[in-house]
Amino acid sequence: MTQSSAPRRHLPTSPFKAPVDPQAKTFALGDRVSHDQFGLGRIVGVEDGVAMLVDFGSRRARILSPYTRMHRL
């Protein structure tokens, strides 16, 4: 049996809640952030919708979108 590539359709009469689309995280230059792997840092570079350059003190890392492991402080 193969999986369909089309998303499942939510019926208005369904007793189950409709799936919620995750909100896109937005960050700005200079924001303080916390990353699950690298720790605390500050955004020093922005590539529109593609990546963020973050300074974590001992290293700089380019974090790609979506920023699932990064949170604004």
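## Methionine 52, the nonpolar core and the salt bridges

User: Which residues does methionine 52 touch, not counting residues up to four places away in sequence?

Analyst: This is a predicted model, in which local features need pLDDT of at least 70 and side-chain atom pairs count only at pLDDT 80 or more, while totals for chains, interfaces and linings use all residues. Residues are numbered from 1 along each chain as its sequence is written, and side-chain values use heavy atoms, with hydrogens and water left out. With contact taken as heavy atoms within 4.5 Å, methionine 52 touches Phe27, Ile43, Gly45, Val46, Ala61, Arg62, Ile63, Tyr67 and Met70.

User: Which elements give two or more residues to the largest nonpolar core?

Analyst: A nonpolar core is a set of buried Ala, Val, Leu, Ile, Met, Phe, Trp, Tyr and Cys residues joined through side-chain atoms within 4.5 Å, where buried means under 20% relative accessible area, exposed over 50% and partly exposed in between (1.4 Å probe, protein chains only). The largest has 10 residues, among them Phe27, Met52, Ile63 and Met70. Strands are DSSP runs (E, at least two residues) numbered from the N terminus, and the elements that contribute two or more residues are β3 (51-55) and β4 (60-64).

User: What is the relative accessible area of aspartate 31, which meets arginine 72 in a salt bridge?

Analyst: The two side chains meet at 3.2 Å, N to O, a salt bridge being a Lys or Arg side-chain nitrogen within 4 Å of an Asp or Glu carboxyl oxygen. Arginine 72 lies in strand β5 (residues 70-72) and aspartate 31 in the segment before β1 (32-35), 41 residues apart. Arginine 72 is partly exposed at 44% relative accessibility, whereas aspartate 31 is buried, at 16%.

Conventions. Helices (H or I, at least four residues) and strands (E, at least two) are DSSP runs, numbered from the N terminus.
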